[in-house]
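These notes are meant for a colleague who is opening this structure for the first time. They take up a few topics in turn, and each point can be followed on the displayed model.

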Amino acid sequence: MRNRIGSLCASVALIICFLWMVTMKDVHAYIDLGSGSFLFQILLASLFSSLFVLKVFWRRIIQGITKVLSTIKGQSDTQTPRR
Amino acid sequence: VIYRQVNLSCQEDYDLLLGSGLYEDLVNSGLLVCHSELPESTLISPGGYKIIKPEPIPFISYPYEWCFSQLQDAALTTIRILKRALEFGMSLKDASAYNIQFLRGKPILIDTLSFEKYREGAPWAAYRQFCQHFLAPLALASYRDTGMGRLSQLHIDGIPLELASSLLPIRTRLKPSLQVHIHLHAKFQRNSAKQTVDRTSSNRRFSRRAFSGLIDSLESAVKGLRLNPLKTEWTDYYDGDSYSQTAFNHKIELVTGFLNEIRPTSVWDLGSNTGAFGRLAGNLGIQTIAFDQDQASVEQSYKTSVDRNETNVLPLVLDLLNPSPKIGWANSERMDLIDRGNPDMLMALALIHHLAIAQNLPLGMIADFFRTMCQWAVVEFIPKSDQKVALLLANRKDIFPGYTQQNFEAEFSRDFEIQLAQRIMDSERTLYLMRAK
């Protein structure tokens, strides 16, 4: 009797394992990691876009300041009396 | 010599590469290997459009043989090429580190067929590859250990981002570039891996501005990675007590004399340390590969090469006891060390005692191995009485009765003909010039 219960439990466990295996969702060999990277970029498109705009904007500010400073420096150089 | 067939399926992209002026621009900037086209009659298989013959690369090296700065320079070269390509309406469809080689001291793209027409709205097809081939190994070397570069040898298509993410310390999650391009990227890959994506769908837009932002972000991520100042027992080898100045100068004089006498076309300097002696060959215009197993020494050697704008010296990381094997599909995608061409001359200076005593290799086996590689060998023998060899034996039993100069000459004479043997002044070391039998 005990043996029968044991084999029944073993059979049920095997069936459960089998069902778990056939219904398992993550089968690594079929995962396309490239799709994830593709969607990831789309998701972050606004972030990358904003970063780029910020960079261009920042570069223009720096260029503007450099231009103003060089103009001021040029003017002060021409106004300095020669000895 | 390598020939490549451009198939008809790539005709449009190939024509655009040449027609747009991008090819000329990149070749002139030293960023892309130049090629010549062969007559149509040479087509290898149906569906072919052109056969091209790229300029040969003297020595093919692999990312797992590069030091940190070499990989970083290769990554930045890829980004530079992509930026230039965008200006000409093209993009890179591959960002494999294997597509970059070192030619005349600088990283260069060798895959002429990596270019494709840029399609407005499409994300970067090679984003994942760039992160796996460049960003992940660089981050691991920067935050964990320089030896992590060898992981690229196990994972031929780059280090999986999930693995990189799990290996990187938690503090890297506070670094926005690594949090986005490695940690979040890895998590997202896993979560959305089962989704079917129509990559041509017009609903999914990735503007040109976003594309440029992505490239800038990757560039900053790569540039932002630093290697902690490395100092190992090997990096100050020449500054330490290994040599007297007289011995060092005399050794330089002897090696230079051998090089001038033989005038080899190529030299491999095994155990080159920071490349001081390999550089003697490079300075004479000889193609030289300076191998060492110590990452820090190779890093120092590469930086010296870059600073001096050297074109003939290529420092590489190589563990002689476990040299790069054949890997990849059918064990033939990446070659082992020997298959990549033998040098005319091999230099093994202050190396034999490490192999014979520290690594228990019989002298005869070392000679046999050297013989398989070269025609000429410059080998230094250091006797047991030398302080460096004595140091190796300090904490172990001397089980090397065969390690004598007489035995060394006898074992090497089976494979080589000893042409010259010169004692290095102010030392007990002897330098041999040998010719393969």
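1. Helix α1 (residues 11-19) of chain B is a useful place to begin, since with three residues this helix gives the most to the lining of the second largest cavity. Please keep in mind throughout that this is a predicted model. The second largest cavity has a volume of about 50 Å³, and its lining is made up of Cys10(B), Asp13(B), Tyr14(B), Leu17(B), Lys93(B), Thr112(B), Leu113(B) and Phe115(B). Sorted by class, these lining residues are five nonpolar, one polar and two charged.

2. The helix α1(B) also has a place beside a sheet, for it lies across β1, β2 and β3 of chain B and runs at about 45 degrees to β3(B). That sheet is open and has three strands of chain B in the order β1-β3-β2, with antiparallel pairing. Its edge strands are β1 (4-7) and β2 (35-38) of chain B, each of which pairs on one side only, and the twist from one strand to the next averages 35 degrees. Between β2(B) and strand β3 (residues 48-54) of chain B, which run antiparallel, there are four bridges; within β3(B), Ile52(B) is the bridge partner of Glu37(B).

3. Turning to the cavities as a group, the structure holds five of 30 Å³ or more, and the largest has a volume of about 120 Å³. Of the 14 residues that line this largest cavity, Pro63(B), Trp66(B), Leu71(B), Thr146(B) and Gly149(B) are the closest to its centre. Which helix supplies the largest share of the lining of the largest cavity? It is α4(B), which contributes three residues, while α3 (68-87) and α4 (127-143) of chain B each supply at least two. The lining of the largest cavity divides into nine nonpolar residues, four polar ones and one charged.

4. A second sheet in chain B deserves a separate look: it is open, its seven strands follow the order β10-β9-β8-β11-β12-β14-β13, and the pairing is mixed. At the edges stand β10 (313-317) and β13 (416-423) of chain B, each with a single partner strand, so one side of each is left without a neighbour in the sheet. Neighbouring strands of this sheet are turned against each other by 20 degrees on average, direction ignored. One parallel pairing within it joins strand β8 (residues 266-270) of chain B to strand β11 (residues 345-348) of chain B through four bridges, and here Trp268(B) has Leu346(B) in β11(B) as its bridge partner.

5. Two helices can be placed against the strands of this seven-stranded sheet. Helix α11 (residues 295-307) of chain B lies across β9 (287-292) and β10 of chain B, and its direction makes an angle of about 160 degrees with β10(B). Helix α15 (residues 405-413) of chain B lies across β12 (376-381), β13 and β14 (430-436) of chain B, and in this case the angle to β14(B) is about 15 degrees.

6. Finally, a search of the whole structure finds 23 aromatic pairs over all chains. One of them is formed by Phe40(A) and Phe188(B), whose rings are 5.5 Å apart from centre to centre, with 45 degrees between the planes, and the pair is tilted. This pair crosses between chains, with Phe40(A) in helix α2 (residues 33-43) of chain A and Phe188(B) in helix α7 (residues 176-191) of chain B.

Technical notes. Residues are numbered from 1 along each chain as its sequence is written. Chains are lettered from A and ligands numbered from 1 in the order in which they are written. This is a predicted model: local features need pLDDT of at least 70, side-chain atom pairs count only at pLDDT 80 or more; totals for chains, interfaces and linings use all residues. Side-chain values use heavy atoms; hydrogens and water are left out. On a 1 Å grid over the protein atoms alone, a cavity is a set of points where a 1.4 Å probe fits but cannot get out, and a pocket is an open set with protein on both sides within 12 Å along at least five of seven lines; lining residues have an atom within 4 Å of a point. Grid points are joined across faces, edges and corners, and a volume is the space filled by probe spheres set on the points. Ala, Val, Leu, Ile, Met, Phe, Trp, Tyr, Cys and Pro count as nonpolar, Asp, Glu, Lys and Arg as charged, and the others, Gly among them, as polar. Two strands pair if DSSP finds at least two bridges between them. Axes are lines fitted to C-alpha atoms, for helices over the stretch in contact, and angles run from 0 to 180 degrees between N-to-C directions. Contact means heavy atoms within 4.5 Å. Rings of Phe, Tyr and Trp (its six-membered ring) pair if their centres lie within 6.5 Å; planes under 30 degrees apart count as stacked, over 60 as edge-to-face and the rest as tilted.
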